[in-house]
Amino acid sequence: MSLNGYANERITRAEKMLYQQVSLLALVDTDGKFVQYKEALSINKLSSKELNQLESDIELFWSEHHIPIRNKGLTGISDPFVRAMGLEPQLNGYLQVQNRIRHLQWLAEQDWWQPIIIDGLIRPGTNHPVIPVIVKRLWLLGDAKSAVTESTVLNEDIVDALKRFQQRHGLKADGIIGPETVKWLNVPPEQRASILAKNYIQRAEFMAQRDERFLVINIPAFEMELFNKGKVELFSRVIVGKPYRPTPLLSSSISNVVINPSWRVPKTILHKDLLPQVRKDGNYIATRNFDVFDRNNNLVVRTPQQWSDLARGPFPFRFVQRPGRTNTLGRYKFYFPNDFSVYLHDTADPNLFERSNRALSSGCIRVENVEGLANWMAANLVKDKQTWVDRHADRNRTQWFALNATLNVHLVYWTAWIDASNQTQFRNDIYQIRAATSFADTASAQINDL
């Protein structure tokens with residue numbers, strides 16, 4: 001091969017590598033610059049000067065997102081292919097995301113994604129003419145083993161594929177084809193690629209700036225992970241705020257832990273949730289172990305009928321639920337300073353964790369593996385370990401525990417990622433943040449909640 005031919009080959013290989021990277025960045029870029037680069041690379045219309053500018057823009061993109069590239073020192077050498085290799089980001093799962101986006105973009109070029117429309121539910125064993133179309137779509141998305149079926153019956157093999165698809169989208173994996181399943185089946189490949197790319201970069205930027213040890217709650221996934229030296233040391237399902245009482249996005253640090261917390265009911269919850277119950281039944285206060293205080297912090301005692309009558313008018317009192325097995329906050333409360341009065345806590349209703357949609361609280365985060373988190377805190381951060389052990393014998397006595405170091409906690413919002421099994425996961429945009437102009441407006445409306 002001549003020197004000129006070798007040089008052209010290196011340029012071609014560099015452009016192919018850059019094209020794959022630019023295909024990802026074009027989905028994230030807001031000013032359209034990388035879209036133009038992608039179009040130029042697809043028809044090999046970049047001069048040497050333009051290629052150098054592209055390389056500079058790629059390096060700047062990763063730098064602005066606090067993500068290191070493979071070898072910054074390679075960007076100044078003459079071989080374009082080596083320069084292209086040096087520009088790739090140092091990110092876990094980068095090649096997997098590239099491959100997934102490449103596949104989705106190929107699917108987007110085909111004319112296969114016509115809307116699937118059904119009336120009612122299609123249950124396992126049911127016959128329906130749309131089944132072959134659904135099977136093909138499940139195959140294209142990697143959930144079905146074959147694209148072809150001669151049957152119009154929702155049989156066992158198709159149900160298994162449906163369950164895999166439903167699990168990857170945070171749905172109840174029941175094998176029933178309903179509105180939510182059809183909604184996700186109809187999401188166009190180009191939209192999937194965009195969601196995956198944006199969330200991947202967002203998560204990568206977040207992770208690149210974290211300390212060695214931190215707690216992260218991904219709100220749309222209803223999941224909590226405790227990272228220690230780059231590894232997940234603790235995992236739990238969680239419950240987050242309802243769409244009309246959203247859990248805010250924030251970062252803070254857990255500064256203390258409470259065993260057997262009492263619950264000071266916020267005004268919003270008092271008026272919207274509890275007083276309607278008291279109007280129906282004045283005994284609600286006693287059966288739920290609430291104490292009632294006036295504005296001077298004096299304990300107020302009334303008969304059930306009197307409470308029911310008082311709840312129908314202006315109510316200048318506050319509720320405090322005593323610690324115990326029926327306390328709404330459960331056994332533990334993990335406090336971190338924030339402007340929204342939200343925190344992590346246990347729950348008296350663990351059955352709610354079995355729901356696929358766990359946007360059920362009034363803003364705070366309920367932790368399923370609360371014992372695991374509490375034990376980790378006790379082993380690693382709690383100062384007075386003996387008192388910690390002693391206080392577990394009494395469910396009715398509140399005890400605050402100081403920590404010898406804080407644990408950073410981050411409430412984030414990622415609706416797509418590739419998991420440890422190389423499966424692409426998508427979740428509903430439960431707060432419509434991706435479609436909203438500003439989540440800050442939503443968060444600022446958040447007030448004291450559970």
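This is a guided tour of a predicted model, moving from the whole chain to two groups of paired strands.

**The whole chain**

Begin with the entire chain in view, where 15 helices and 15 strands can be coloured separately. Its C-alpha trace spans about 95 × 60 × 40 Å along the principal axes, and of its 450 residues 48% count as buried. If you switch to a surface display, you are looking at about 22,500 Å² of exposed area, of which carbon and sulfur atoms supply 49%. Colouring by charge brings out 55 positive and 47 negative side chains, and the centres of these two sets lie 5 Å apart. How far apart in sequence are the residues that touch one another? Among contacts between residues at least 6 apart in sequence, 66% join residues that are at least 24 apart.

**Strands 2 and 3, and their neighbours**

Next, select residues 223-228, which are strand 2, together with residues 231-241, which are strand 3; these two strands pair in the antiparallel sense over six bridges. As you follow the pairing, look for Glu223, whose bridge partner in strand 3 is Arg237. The hairpin that these strands form has two residues between the strands, and there Lys229 takes a positive phi near 55 degrees.

Keep strand 3 selected and add residues 365-367, which are strand 12, and you will find an antiparallel pairing over two bridges, in which Ile239 has Arg366 as its bridge partner. Then add residues 359-361, which are strand 11: two bridges join this strand to strand 3 as well, but here the two run parallel. Which residue of strand 11 is the bridge partner of Val240? That partner is Ala359. With both kinds of pairing on the screen, it helps to remember that strands of a sheet pair through backbone hydrogen bonds, whether parallel or antiparallel.

**The four-stranded open sheet**

Now move to the strands numbered 5 to 8, four strands that form an open sheet in the order 5-8-6-7 with antiparallel pairing. Its edges are strand 5, at residues 263-264, and strand 7, at residues 299-300, since each of them pairs on one side only. Select strand 6, residues 290-293, and you can trace the two bridges that join it to strand 7, with Val292 standing opposite Val300.

Finally, add residues 267-280, which make up helix 10, and turn the view until you see this helix lying across strand 5, strand 6 and strand 8 (318-321). Relative to strand 8, helix 10 runs at about 80 degrees.

Definitions and conventions: Residues are numbered from 1 along each chain as its sequence is written. This is a predicted model: local features need pLDDT of at least 70, side-chain atom pairs count only at pLDDT 80 or more; totals for chains, interfaces and linings use all residues. Side-chain values use heavy atoms; hydrogens and water are left out. Buried means under 20% relative accessible area, exposed over 50%, partly exposed in between (1.4 Å probe, protein chains only). Contact means heavy atoms within 4.5 Å. Accessible areas come from the Shrake-Rupley method with a 1.4 Å probe; for residues, only the protein chains shown count as cover. Lys and Arg count as positive and Asp and Glu as negative; His and the chain ends are not counted. The place of a charge is taken as NZ of Lys, CZ of Arg, CG of Asp or CD of Glu. Two strands pair if DSSP finds at least two bridges between them. Axes are lines fitted to C-alpha atoms, for helices over the stretch in contact, and angles run from 0 to 180 degrees between N-to-C directions.
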